[in-house]
Amino acid sequence: WRIAHLAEAAGATLAPHFLAELHVSLVAASPIGAWVESTPWLSAILADPPGVRDGELLVPDAPGHGLRLVPDADKWRIA
């Protein structure tokens with residue numbers, strides 16, 4: 001959120017890199033949110049990844065970031 005405010009003060013837009021499912025809420029809440037990078041292969045670790053409609057990622061309505069990991073998400077861990 002702090003980065004979003006700094007970007008706004010500088011006249012920049014906000015476009016977070018990596019894991020769109022996590023950043024969609026930040027972009028939706030920021031007046032300078034432009035887009036989120038799509039990394040659909042990361043959805044494999046999410047129990048209920050956000051939906052997509054007409055090319056737009058839907059903002060989850062669950063508390064916090066709204067994401068839950070699948071029970072066996074640890075199998076994707078590196079090191």
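The following exercises, each with a worked solution, concern a predicted model of a single protein chain.

**Exercise 1. Overall architecture**

Determine which secondary-structure elements the chain contains, and in what order they occur.

*Solution.* Step 1: count the elements. The chain holds two helices and two strands. Step 2: read them along the sequence. The resulting pattern is α-α-β-β. Step 3: establish the extent of the fold. Taken along the principal axes, the C-alpha atoms fill a box of roughly 40 × 35 × 20 Å.

**Exercise 2. Burial, surface and contact range**

State what percentage of the residues is buried, and describe the surface and the contacts of the chain.

*Solution.* Step 1: consider burial. Of the 79 residues in the chain, 25% are buried. Step 2: consider the surface. The accessible surface comes to about 5,800 Å², and carbon and sulfur atoms account for 59% of that area. Step 3: consider contact range. Taking the contacts between residues at least 6 apart in sequence, 34% join residues at least 24 apart.

**Exercise 3. Two residues compared by accessibility**

Classify Ser 30 as buried or exposed, and do likewise for Asp 61.

*Solution.* Step 1: locate Ser 30. This residue sits in the loop between helix 2 (20-29) and strand 1 (52-53). Step 2: apply the cut-off. The relative accessible area of Ser 30 is 8%, and buried means under 20%, so Ser 30 is buried. Step 3: list its partners. Leaving aside residues up to four places away in sequence, Ser 30 touches Trp 1, Ala 4 and Leu 14.

Step 4: turn to Asp 61, which is found in the segment after strand 2 (56-57). Its relative accessibility is 80%; exposed means over 50%, so Asp 61 counts as exposed. Step 5: relate Asp 61 to His 17. The two are 44 residues apart in sequence, and their C-alpha atoms are 22 Å apart in space.

**Exercise 4. Salt bridges**

Identify how many salt bridges the model contains, and describe each pair.

*Solution.* Step 1: recall the principle. Side chains of opposite charge can pair when their charged atoms come close. Step 2: apply the distance criterion, a nitrogen-to-oxygen separation within 4 Å. The count comes to two salt bridges.

Step 3: examine the pair formed by the side chains of Asp 48 and Arg 68, with an N to O distance of 2.4 Å. Asp 48 belongs to the loop between helix 2 and strand 1, whereas Arg 68 belongs to the segment after strand 2; the pair therefore ties together parts that are 20 residues apart in sequence. Asp 48 is partly exposed, at 49% relative accessible area, while Arg 68 counts as exposed at 51%.

Step 4: examine the pair formed by the side chains of Lys 75 and Asp 72, with an N to O distance of 3.4 Å. Lys 75 is exposed, at 59% relative accessibility. Asp 72 is partly exposed, with a value of 40%.

**Exercise 5. The largest pocket**

Describe the volume of the largest pocket, and determine which element gives the largest share of its lining.

*Solution.* Step 1: state the volume. The largest pocket holds about 320 Å³ of space. Step 2: identify the lining. There are 20 lining residues, and those closest to the centre of the pocket are Val 36, Val 52, Gly 55, Glu 56 and Leu 57. Step 3: assign the lining to elements. Helix 2 and strand 2 are the elements that give two or more residues, and helix 2 provides the largest share, five residues. Step 4: sort the lining by character. The residues divide into 13 nonpolar, four polar and three charged.

**Exercise 6. A sequence-distant contact and a backbone angle**

Determine which residues Val 59 touches beyond its sequence neighbours, and state what the sign of phi is at Asp 54.

*Solution.* Step 1: place Val 59. This residue lies in the segment after strand 2 and is partly exposed, with a relative accessible area of 44%. Step 2: list its contacts. Not counting residues up to four places away in sequence, Val 59 touches Val 24, Ser 25 and Ala 28. Step 3: compare sequence with space for one of these partners. Val 59 and Val 24 are 35 residues apart along the chain, and their C-alpha atoms are separated by 6.1 Å.

Step 4: turn to Asp 54, in the loop between strand 1 and strand 2. Its phi is near 55°, a positive value in a residue other than glycine. Most residues other than glycine have a negative phi. Step 5: add the accessibility. At 77%, Asp 54 counts as exposed.

Technical notes:
Residues numbered from 1 in each chain as written. Predicted model: local features only at pLDDT ≥ 70, side-chain atom pairs only at ≥ 80, totals over all residues. Heavy atoms only, no water. Helix = DSSP H or I, 4+ residues; strand = E, 2+ residues; numbered from the N terminus. Buried < 20%, exposed > 50% of the residue type's maximum accessible area, 1.4 Å probe, protein only. Contact = heavy atoms within 4.5 Å. 1 Å grid on protein atoms, 1.4 Å probe; cavity = no way out; pocket = protein on both sides within 12 Å on 5 of 7 lines; lining within 4 Å. Points joined across faces, edges and corners; volume = space filled by probe spheres on them. Nonpolar A, V, L, I, M, F, W, Y, C, P; charged D, E, K, R; others polar. Areas by Shrake-Rupley, 256 points an atom, 1.4 Å probe, with all protein chains shown as cover.
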